[in-house]
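Trainee: I have a new structure open and I'm not sure how to read it. Could you walk me through it?

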Amino acid sequence: MVSSSPAITNKLDIEAIRKEFPILHQQVNGRDLVYFDNAATSQKPLSVINALIDYYKGYNANIHRGIHTLAEKATKAYEETRHAAKRFINAQSEQEIIFTRGVTESINLVSSSYGRAFVKEGDEIIISGLEHHSNIVPWQFVCEEKKATLRTIPVSPEGELDLDAYRKLLSSKTKLVSINHASNSLGTINPIKEIIKLAHEVGAVVLVDGAQAGAHIEIDVQDLDCDFYCLSSHKMYGPTGTGILYGKKELLEKMPPYHGGGEMIKEVTFEKTTYNDLPYKFEAGTPNIADVVAYKAAFDFINELGKENIAAHEHELLVYATERVSKLKSVKLIGTAKHKVGVLSFAVEGIHHFDIGQMLDARGVAVRTGHHCTQPLMTCFGIEGTVRASFAVYNTKQEIDQLVEGLERIINFMK
Amino acid sequence: MTVNQIQDEIISEFSLLDGDMEMTVFYIMELGQKLPVMPESDKTEENVVKGCQSKVWLTGIVKDEKIFFTADSNTAITKGLVSLLVRIFNGQTPDTILNTDLYFMHKIGMERFIGTQRSNGFAAMIKQMKLYALAFKTKMEVKS
């Protein structure tokens with residue numbers, strides 16, 4: 001069960017923060033919207049929305065190649081986001097920050113490039129039972145192609161990884177370990193520092209899927225010593241369609257390019273192409289300039305509030321929601337790890353999660369229902385899916401009350 | 001009652017809900033609860049309606065040249081939705097089922113309370129019922 005003492009007391013003015021999110025101030029089905037689907041995608045503050053508008057109104061141009069003023073401005077803004085990302089995760093240099101479409105593409109980049117170049121027949125790749133399909137399927141591709149084996153760290157009934165089993169899985173055959181920082185289905189925060197250290201002891205590299213960590217947990221890639229770290233902008237108050245792949249420079253340099261095209265080349269002849277330097281080697285074609293530019297506003301937004309403050313507020317919400325929802329009759333919490341981000345997953349005995357989702361929507365409450373792209377995990381719990389409420393910095397306890405009220409009505413109606 | 005009389009009855013029932021989404025959803029689930037029980041032996045893989053996000057079983061029999069459907073679903077709302085179709089089509093001839101324009105869907109604002117995925121599922125249920133009607137019609141024609 002979630003520990004009830006938040007790291008620090010909450011210092012944020014939530015009402016002021018809510019004013020920055022225009023989308024929250026609307027009615028859905030006649031009631032105030034309660035948005036609890038933040039693990040799927042978070043809403044965007046005005047600063048991010050305005051950054052997009054400013055870009056298209058003021059300096060839309062293709063980057064890196066033009067010498068005119070607009071191209072220069074756009075290039076500068078694009079590279080400023082790279083600098084912000086570097087600082088956000090404490091990478092050593094901007095060369096280690098590659099812009100992608102998000103975590104899914106970041107993982108696919110590593111699995112295609114690193115996986116295909118360095119994984120060989122008989123090697124093993126380790127993932128965990130808590131992974132999103134995006135951190136399963138790309139590795140299945142590599143294993144199938146290379147005749148390597150995919151191993152899985154088992155999950156306890158509480159939703160925590162079994163580290164003893166992990167230690168036993170590690171061997172000289174282990175080439176790569178790919179694990180999420182926090183689980184999207186259950187919220188479990190994984191002990192990735194230890195996971196990374198153990199993997200390094202057998203010479204394996206480690207990729208961390210940070211999709212559910214970006215807006216909630218402090219990330220220091222040098223302290224973690226991870227080899228790759230992936231983020232999605234849209235889960236951390238930024239625009240959709242962009243994200244980053246962090247990779248240690250020496251690894252990225254060894255890796256072959258992922259996509260071929262413009263920007264990633266140094267020189268092209270019909271006989272041979274030489275590749276551009278990092279990070280451009282991995283950024284073929286015109287990138288998603290506008291969204292990358294606006295992504296900086298999302299980093300700034302999180303930095304200004306302070307991740308510790310955000311985490312403390314969300315923790316308070318999680319503790320409150322856990323306490324209230326677990327008291328409802330017939331409710332079973334799915335995932336009761338000690339360390340969690342603001343994700344509350346649960347099932348109600350005798351009521352299908354789809355029905356709960358639709359009934360809550362009828363009361364203006366947006367939650368996620370289903371398997372959350374983690375079918376193997378759901379199978380492991382013996383369920384088809386859960387109802388998932390996931391919190392962000394703009395959520396309030398009153399909104400949790402609205403969720404609980406909705407659940408009470410559904411349960412009373414159905415029983 | 002004719003299919004259109006039944007459709008009109010449904011439209012008038014839903015109009016009493018005044019567009020309130022919660023009441024509408026509750027009402028649909030209540031309708032589902034009233035659906036005659038489908039024998040477990042009929043809940044076979046063969047009777048599953050393909051294309052529904054929830055699990056829906058549907059089967060039909062012919063009696064006196066009229067079709068009678070039984071259905072069930074693992075979700076209460078979908079069960080309510082399929083119960084509307086069962087109510088409209090039960091006891092109708094294959095020709096009526098094949099030729100009915102289901103205008104009640106639009107009139108009760110169904111698109112408002114079932115999302116895109118459920119709409120596809122609902123369309124799949126209708127298609128399945130019409131396929132039953134076509135199959136029974138062909139069978140009857142061969143016999144006569």
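**A helix on the inside**

Mentor: Sure, let's start with helix 12 (residues 353–362) of chain A: 10 of its 10 residues are buried, so the rest of the structure largely encloses it. Keep in mind that this is a predicted model.

Trainee: Which residues in helix 12 of chain A are buried?

Mentor: The run goes A:His353, A:Phe354, A:Asp355, A:Ile356, A:Gly357, A:Gln358, A:Met359, A:Leu360, A:Asp361 and A:Ala362. Just past the end of helix 12 of chain A, look at A:Gly364, which has a positive phi of about 85°.

Trainee: Okay, now sheets. How do I read one?

Mentor: The general idea is that strands of a sheet pair through backbone hydrogen bonds, either parallel or antiparallel. Here, one open sheet in chain A has seven strands in the order 4-10-9-8-7-5-6, and its pairing is mixed. Strand 4 (97–100) and strand 6 (149–153) of chain A are at the edges with a single partner strand each, so each has one side without a neighbour in the sheet. On average, neighbouring strands of this sheet are turned by 20° against each other, ignoring direction.

Trainee: How many bridges join strand 4 of chain A to strand 10 of chain A?

Mentor: Four bridges, and strand 4 and strand 10 (residues 243–247) of chain A run antiparallel. To find one on screen, go to A:Thr100, whose bridge partner in strand 10 of chain A is A:Gly243. A helix packs on this sheet too: helix 3 of chain A touches strand 4, strand 9 (228–232) and strand 10 of chain A, and its direction makes about 115° with that of strand 4 of chain A.

Trainee: Which strands form the other sheet you'd like me to look at, and in what order?

Mentor: Four strands of chain A, in the order 13-14-17-16, make an open sheet with antiparallel pairing. Strand 13 (331–333) and strand 16 (368–370) of chain A are its edge strands, and each pairs on one side only. From one strand to the next, the twist averages 30°. Strand 13 of chain A is joined by three bridges to strand 14 (residues 343–348) of chain A, and A:Leu333 has A:Phe346 in strand 14 of chain A as its bridge partner.

Trainee: Which helix lies across strand 13, strand 14 and strand 17 of chain A?

Mentor: That's helix 11 (residues 307–326) of chain A, and it runs at about 10° to strand 14 of chain A.

Trainee: And when two helices meet, what should I look for?

Mentor: Start with a rule of thumb: an α-helix has 3.6 residues a turn, so residues three or four places apart point the same way. Now take helix 3 (residues 69–89) and helix 10 (residues 289–305) of chain A, whose axes come within 8 Å and cross at roughly 45°. That angle is why helix 3 of chain A counts as oblique to helix 10 of chain A. Their crossing is left-handed. Residues that meet include A:Ala74, A:Ala77 and A:Thr81 from helix 3 of chain A, and A:Ile289, A:Val292 and A:Phe299 from helix 10 of chain A. By class, this contact has 11 nonpolar, one polar and two charged residues.

Trainee: How many residues does each chain bring to the contact between chain A and chain B?

Mentor: Chain B brings 10 residues and chain A brings 11. On the chain B side, helix 2 (21–34) and helix 3 (76–89) each supply at least two residues, and helix 2 of chain B gives the most, with four. That side of chain B divides into five nonpolar, three polar and two charged residues.

Definitions and conventions
Residues numbered from 1 in each chain as written. Chains lettered and ligands numbered in written order. Predicted model: local features only at pLDDT ≥ 70, side-chain atom pairs only at ≥ 80, totals over all residues. Pairing = 2+ DSSP bridges. Axes fitted to C-alpha atoms, helices over the stretch in contact; angles between N-to-C directions. Contact = placed C-beta atoms within 7 Å. Parallel < 35°, antiparallel > 145°, perpendicular 65-115°, else oblique. Left-handed = near helix turned anticlockwise from the far one by under 90°. Nonpolar A, V, L, I, M, F, W, Y, C, P; charged D, E, K, R; others polar. Buried ≥ 20, exposed ≤ 12 C-beta atoms within 10 Å, placed from the backbone.
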